[in-house]
Amino acid sequence: MYKKPVYVGFVIPTYNEKENIVRLLDKIHETMKSIGIEHRIVVVDDNSPDGTAKLVAEYSRSHNFVKILVRPRKQGLGSAIATGMRDLLSDPRITHIVTMDADFSHRPEDLPVLLRRIDSADLVQGSRYVDGGKIVGWSFKRRLVSRVANTLIRVVHRTNILDHTSNYRVYSREAAERVVGSVSSSGYEWVIEALLTLLYSGYTVVEAPITFIDRTAGKSKLGLRDIAKWFIHILSLKRKLKRTR
Ligand SMILES: Nc1nc2c(ncn2[C@@H]2O[C@H](COP(=O)(O)OP(=O)(O)O)[C@@H](O)[C@H]2O)c(=O)[nH]1
Ligand SMILES: [Mg+2]
């Protein structure tokens, strides 16, 4: 099926995910077995107060495809992903790295669709905005904010990508090495900066449709202030990435 043998490492950052994580690990394993792809999973927990790390540590004792890394305090989504990627890259068998959230917003059922495309790009971006992509459970306001942010990134950075902000992705080993070596932000912006870094450096990116499901109902935490901060960050990336090109 693939040009070369494939061995996928997963990075799952967690902060208070005790209700989701074990079910998610089971579901990923089941899906990967059904498509016959070798895999292992690294969970990076920032010492969640709800005891997520303990739960995963217990699980990993009887499921040797899982490893838990615990950091002493909350240090942001991006730095958690980078920590997990570095750990996986020290395993020479790893050919690809999948990043996904722990809250089932990123459905394991979409893995076959993402992995089908790995021979055609350095990064397969899970996308809500290509044909076949969907969002379930977001308010009109939340959808609008996401659309505006993505359009802004697309115009400012002249990409031809529709979804830059989903953390559901497959990186080739080379792409993962590139981003851990150079992406400096540590929070949610890491996800966008990683994608732009690859695009600016000439790596190929393809989008594959995913169905994004919101974890719970409730109000968006994004306000005008956050949107303004994002705008400035996106512009500052333009200067930074240009310099390194
Ligand atoms: N290790 C770690 N994981 C985090 C941190 N912040 C968020 N996460 C995880 O990153 C993923 C995305 O976060 P989430 O709260 O779902 O973001 P949202 O979907 O944008 O509201 C989830 O798996 C979280 O548990 C953090 O500071 N450290
Ligand atoms: Mg989420």
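The crossing of helix 6 and helix 7 is right-handed. A crossing is right-handed if the near helix is turned clockwise from the far one by less than a right angle, and left-handed if anticlockwise. Helices (H or I, at least four residues) and strands (E, at least two) are DSSP runs, numbered from the N terminus. This is a predicted model, in which local features need pLDDT of at least 70, side-chain atom pairs count only at pLDDT 80 or more, and totals for chains, interfaces and linings use all residues. Residues are numbered from 1 along each chain as its sequence is written, while chains are lettered from A and ligands numbered from 1 in the order in which they are written.

## Two helix pairs

Helix 6 covers residues 173-182 and helix 7 covers residues 189-200. They pack at about 115°, and their axes are 10 Å apart. Axes here are lines fitted to C-alpha atoms, for helices over the stretch in contact, and angles run from 0 to 180 degrees between N-to-C directions.

Which residues of helix 6 and helix 7 meet? From helix 6 come A175, R178, V179 and S182; from helix 7 come A194, T197 and L198. Two residues are in contact if their C-beta atoms, placed from the backbone, lie within 7 Å. By class, this contact has four nonpolar, two polar and one charged residues. Ala, Val, Leu, Ile, Met, Phe, Trp, Tyr, Cys and Pro count as nonpolar; Asp, Glu, Lys and Arg count as charged; the others, Gly among them, count as polar.

Now take helix 1 (residues 21-35) and helix 2. Their axes come within 10 Å and cross at roughly 35°. This crossing, too, is right-handed. I21, V22 and L25 of helix 1 meet T52, L55, V56 and Y59 of helix 2. The contact of helix 1 with helix 2 divides into six nonpolar, one polar and no charged residues.

## The whole chain

The protein chain has eight helices and nine strands. Its radius of gyration is 17 Å, close to the 18 Å that the globule rule gives for 245 residues, so the chain is as compact as a globular protein of that length. The radius is taken over C-alpha atoms, and the globule rule is 2.2 Å times the number of residues to the power 0.38. Along its principal axes, the C-alpha trace spans about 45 × 45 × 35 Å.

Of the 245 residues, 38% count as buried. A residue is buried if 20 or more other C-beta atoms lie within 10 Å of its own, exposed if 12 or fewer, and partly exposed in between; the C-beta atoms are placed from the backbone. Among contacts with a separation of 6 or more, 80% join residues 24 or more positions apart.

## Around ligand 1

How many residues surround ligand 1? There are 17, and the closest are P13, Y15, A80, D101 and A102. A residue is near a molecule if its C-beta atom, placed from the backbone, lies within 6 Å of it. Strand 1 (7-14), strand 2 (38-45) and helix 3 (77-89) each give two or more residues to this shell. By class, the shell has six nonpolar, four polar and seven charged residues.

## Three buried residues

The table gives one C-alpha distance for each of three residues.

| Residue | Partner | Apart in sequence | C-alpha distance |
|---|---|---|---|
| L237 | R71 | 166 residues | 28 Å |
| V98 | L111 | 13 residues | 9.1 Å |
| T52 | V148 | 96 residues | 34 Å |

L237 sits in helix 8 (residues 224-244). L237 counts as buried, with 20 C-beta neighbours inside 10 Å. Leaving aside neighbours within four places in sequence, L237 contacts E193 and L196.

V98 lies in strand 4 (residues 96-99). V98 is buried, with 25 C-beta neighbours inside 10 Å. Residues up to four places away aside, V98 touches V8, F10 and V170.

T52 belongs to helix 2. Is T52 buried or exposed? T52 is buried, with 25 other C-beta atoms within 10 Å. Beyond its neighbours within four places in sequence, T52 has contacts that include T14, K18, I21 and D45.

## Two positive phi angles

N47 has a positive phi of about 55°, although N47 is not a glycine. N47 lies in the loop between strand 2 and helix 2 (52-62). N47 counts as partly exposed because 14 C-beta neighbours lie inside 10 Å.

R158 also has a positive phi, near 50°, and is a residue other than glycine. The loop between helix 5 (140-156) and strand 7 (169-172) holds R158. R158 is exposed, with 9 other C-beta atoms within 10 Å.
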